[in-house]
Amino acid sequence: MQVHLIDGTYELFRHHMGLPSEVAADGRSATRGVMRSVLELIAGGATHVGVATDTVIESFRNDLWPGYKTGAGIEPALRDQFPLVEEALAALGVTVWGMLDVEADDALATAAARAATDPSVERVVICTPDKDLAQCVVGTRVVQLDRRAEIVRDEDGVRARFGVPPASIPDYLALVGDSADGFPGLPGWGAKSAATILARHGHIDAIPDDPTLWDVTLRGSARLAASLREGRERAALFRLLATLRTDTPGVLEDGVDEIAWRGPAPELIDMCRRLGAPEVLDRAGALARERGAA
């Protein structure tokens with residue numbers, strides 16, 4: 001058995017940006033796109049599917065850092081679909097974790113960690129290109145899938161992309177910053193310098209203040225060391241912001257069977273009528289019949 005975990009917020013943004021003609025004609029196009037995308041995954045053989053969404057963009061991290069991302073600036077046509085996509089996926093028969101105090105990424109991290117402990121699960125597939133989720137990758141057992149680029153990243157793939165292992169991803173982001181999440185990193189630190197030093201020392205706390213003890217050759221190491229010495233407290237905060245929680249309540253607490261797809265709910269008929277998506281209803285029904293779930 002494989003478990004597929006989907007970043008519903010990313011999917012909603014992706015389909016909103018990727019269907020400009022439909023967006024112009026109808027403000028519900030992104031929701032239809034997400035439903036089609038999830039059905040495509042199920043048609044490809046996925047049996048256990050969970051979707052995490054940001055019911056609101058803000059989370060506990062906004063209390064820790066004033067510049068952390070908010071829902072400001074999101075187009076109304078997209079923002080209005082946040083509750084709609086949750087309702088639509090539930091009608092499709094897919095388990096949805098709508099997050100309020102924590103983020104969808106935290107729910108995905110929690111689900112991945114809990115599913116990976118189940119001996120009946122062969123592989124956990126986290127469906128998002130979001131670099132934050134790279135920290136959840138474990139060997140070849142928990143992998144990250146960029147469905148748009150058709151790239152699967154296991155632990156070796158994470159190292160190839162970032163130059164550090166999954167466990168060092170929060171440290172890496174703390175040093176280089178994450179513009180999508182709204183924190184800047186430390187002055188002077190970039191992808192190459194962060195990867196070089198973290199590949200040797202693993203975590204920020206283990207990096208000596210004295211650059212002669214770094215055991216690596218970095219241009220401007222004295223300047224980088226000064227930046228780190230002066231910014232350790234801020235780096236610790238950024239690392240906390242970048243570290244995903246794996247204890248989110250209500251996510252896979254009863255085991256992976258809770259996200260087994262058993263066909264659409266009766267509400268899908270009305271939902272597809274509202275969305276003008278009869279093809280979604282037909283496809284979901286056909287898949288359910290194929291699996292004996294209808």
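This is a short talk on the sheet, the cores, the aromatic pairs and the cysteines of one structure.

Okay, before anything else: what we have here is a predicted model. Let me start with the sheet.

It's an open sheet of 6 strands, and the order across it is β3-β2-β1-β4-β5-β6, with mixed pairing. Which strands stand at the edges? Those are β3, residues 95-99, and β6, residues 151-153; each has a single partner strand, so one side of each has no neighbour in the sheet. On average, neighbouring strands are turned by 25° against each other, if you ignore direction.

Now look at β1, residues 2-7. β1 and β4 run parallel, and 5 bridges join them. If you want a spot to click on, take leucine 5, which stands opposite isoleucine 126 in β4. Then there's helix α7, residues 104-116, which packs on this sheet. α7 touches β1, β2, β3, β4 and β5, and its direction makes about 175° with that of β1.

On to the nonpolar cores. The largest one has 37 residues, and Met35, Val38, Leu92 and Val94 are the ones with the most contacts inside it. Where does it draw its residues from? The elements giving two or more are the helices α3 (29-43), α6 (81-91), α12 (268-275) and α13 (278-290), plus the strands β2 (48-54), β4 (123-127) and β5 (142-146). α3 provides the largest share, with 7 residues.

Zoom in on valine 94 for a second. Leaving out residues up to four places away in sequence, valine 94 touches Val38, Ile42, Val49, Val51, Leu89 and Trp261. There's also a second core, separate from that one, with 30 residues, including Ile169, Ile197, Ala225 and Ala235.

Next, aromatics. The structure holds 5 aromatic pairs, and I'll walk you through two. How do phenylalanine 13 and phenylalanine 82 meet, stacked or edge-to-face? Their ring centres are 6.2 Å apart and the planes sit at 75°, so we call this one edge-to-face. Phenylalanine 13 is in helix α1, residues 8-18, and phenylalanine 82 is in helix α6, so the pair ties together parts 69 residues apart in sequence. As for burial, phenylalanine 13 is partly exposed, at 29% relative accessible area, whereas phenylalanine 82 is buried, at 2%.

The other pair is phenylalanine 183 with phenylalanine 238, and that one is stacked, with 5.3 Å centre to centre and 25° between the planes. Phenylalanine 183 comes from the loop between α9 (169-176) and α10 (191-201), while phenylalanine 238 is in helix α11, residues 221-242, so here the parts tied together are 55 residues apart in sequence. Phenylalanine 183 counts as buried at 3% relative accessibility, and phenylalanine 238 is buried too, at 0%. Add Trp65, and you have one aromatic cluster: Trp65, Phe183 and Phe238.

Last topic, the cysteines. How many disulfides does a search of the whole structure find? The answer is 0. Take cysteine 127: the closest cysteine sulfur belongs to cysteine 136 and is 13 Å away, which is too far for a bond, given that a disulfide needs the two sulfurs within 2.5 Å. From the other end, cysteine 136 has cysteine 127 as its closest partner, at that 13 Å, so no bond there either. And are they buried or exposed? Cysteine 127 is buried, at 1% relative accessibility, and cysteine 136 counts as buried at 12%.

That's what I had; over to you.

Note on methods: Residues are numbered from 1 along each chain as its sequence is written. This is a predicted model: local features need pLDDT of at least 70, side-chain atom pairs count only at pLDDT 80 or more; totals for chains, interfaces and linings use all residues. Side-chain values use heavy atoms; hydrogens and water are left out. Buried means under 20% relative accessible area, exposed over 50%, partly exposed in between (1.4 Å probe, protein chains only). A nonpolar core is a set of buried Ala, Val, Leu, Ile, Met, Phe, Trp, Tyr and Cys residues joined through side-chain atoms within 4.5 Å. Helices (H or I, at least four residues) and strands (E, at least two) are DSSP runs, numbered from the N terminus. Contact means heavy atoms within 4.5 Å. Two strands pair if DSSP finds at least two bridges between them. Axes are lines fitted to C-alpha atoms, for helices over the stretch in contact, and angles run from 0 to 180 degrees between N-to-C directions. Rings of Phe, Tyr and Trp (its six-membered ring) pair if their centres lie within 6.5 Å; planes under 30 degrees apart count as stacked, over 60 as edge-to-face and the rest as tilted.
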